[in-house]
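Work through these exercises with the model open beside you. Each task is followed by a worked solution.

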Amino acid sequence: MAEFDCEETKSLVHEYLHNELRPEDQKDITTHLALCDSCEEEYDLEVYLNKAITRSCDEEPPKQLAQKVLDSMRKSQQH
Ligand SMILES: [Zn+2]
């Protein structure tokens with residue numbers, strides 16, 4: 001069974017949140033998030049972002065917009 005490292009997990013949190021991964025991958029990421037604070041933070045951010053977007057827009061958000069918001073949030077987190 002493949003396990004994900006942090007980089008892979010963080011790149012998949014969006015798909016994970018939207019249940020777009022294979023069931024076994026969903027399970028592996030659930031396990032990783034439970035064990036890894038850093039990836040859990042990334043997941044929390046994705047959840048927050050997702051809520052913010054669905055609140056302001058009824059339709060499925062364009063991926064570019066989501067990426068833009070996420071990028072600016074990442075930048076503001078860097079010191
Ligand atoms: Zn991790």
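A crossing of two helices is right-handed if the near helix is turned clockwise from the far one by less than a right angle, and left-handed if anticlockwise. Keep that rule for the helix pairs below. The model is a predicted one.

**Exercise 1. The fold in outline**

Task: State how many helices and strands the chain has, and in what order the elements run.

Solution.
- Count the elements: the chain has 4 helices and 0 strands.
- Read from the N terminus: the order is α-α-α-α.
- Check burial: 14% of the 79 residues count as buried.
- Check contact range: take the contacts with a separation of 6 or more, and 51% of them join residues 24 or more positions apart.

**Exercise 2. Helices α1 and α3**

Task: Describe how α1 and α3 pack, and name the residues that make the contact.

Solution.
- Start with geometry: the angle between α1 and α3 is about 25 degrees, and their axes are 9 Å apart.
- Classify: angles under 35 degrees count as roughly parallel, so α1 is roughly parallel to α3.
- Apply the handedness rule: α1 passes α3 in a right-handed crossing.
- List the α1 side: C6, T9, K10, V13, H14 and L17.
- List the α3 side: S38, C39, E42, Y43, E46, V47 and N50.
- Sort by class: this contact has 6 nonpolar, 4 polar and 3 charged residues.
- Look at one pair across it: S38 and C6 are 32 residues apart in sequence, and their C-alpha atoms are 8.0 Å apart.
- Ask whether S38, in helix α3, is buried or exposed. S38 has 11 C-beta neighbours inside 10 Å, so S38 counts as exposed.

**Exercise 3. Helices α3 and α4**

Task: Repeat the analysis for α3 and α4, and sort the contact residues by class.

Solution.
- Locate the helices: α3 covers residues 37-56 and α4 covers residues 63-77.
- Take the geometry: they pack at an angle of about 130 degrees, with axes 11 Å apart.
- Classify: that angle makes α3 oblique to α4.
- Assign the hand: the crossing of α3 and α4 is right-handed.
- List the residues: α3 gives L45, L49 and I53, while α4 gives A66, V69, L70 and M73.
- Sort them: 7 are nonpolar, with no polar and no charged residues.

**Exercise 4. The nonpolar core**

Task: Name the residues of the largest nonpolar core and the helices that supply them.

Solution.
- Recall the background: in soluble globular proteins, nonpolar side chains tend to be buried together.
- Find the core: the largest has 6 residues, namely L12, Y16, I29, L33, C39 and Y43.
- Assign helices: α1, α2 (23-35) and α3 each supply at least two of these residues.
- Zoom in on L33: leaving out residues up to four places away in sequence, L33 touches C39, E40 and Y43.

**Exercise 5. Two exposed sites**

Task: Say what marks the backbone of N19, and where N19 and E3 sit.

Solution.
- Recall the background: most residues other than glycine have a negative phi.
- Compare N19: its phi is positive, about 55 degrees, although N19 is not a glycine.
- Place N19: this residue lies in the loop between α1 and α2.
- Judge exposure: N19 has 8 C-beta neighbours inside 10 Å and therefore counts as exposed.
- Place E3: this residue belongs to the segment before α1 (6-17).
- Judge exposure again: E3 counts as exposed because it has 10 C-beta neighbours inside 10 Å.
- Find a partner in space: E3 and D25 are 22 residues apart along the chain, with their C-alpha atoms separated by 8.4 Å.

How values were computed. Residues are numbered from 1 along each chain as its sequence is written. This is a predicted model: local features need pLDDT of at least 70, side-chain atom pairs count only at pLDDT 80 or more; totals for chains, interfaces and linings use all residues. Helices (H or I, at least four residues) and strands (E, at least two) are DSSP runs, numbered from the N terminus. A residue is buried if 20 or more other C-beta atoms lie within 10 Å of its own, exposed if 12 or fewer, and partly exposed in between; C-beta atoms are placed from the backbone. Axes are lines fitted to C-alpha atoms, for helices over the stretch in contact, and angles run from 0 to 180 degrees between N-to-C directions. Angles under 35 degrees count as roughly parallel, over 145 as roughly antiparallel, 65 to 115 as roughly perpendicular and the rest as oblique. Two residues are in contact if their C-beta atoms, placed from the backbone, lie within 7 Å. Ala, Val, Leu, Ile, Met, Phe, Trp, Tyr, Cys and Pro count as nonpolar, Asp, Glu, Lys and Arg as charged, and the others, Gly among them, as polar. A nonpolar core is a set of buried Ala, Val, Leu, Ile, Met, Phe, Trp, Tyr and Cys residues joined through C-beta atoms within 7 Å.
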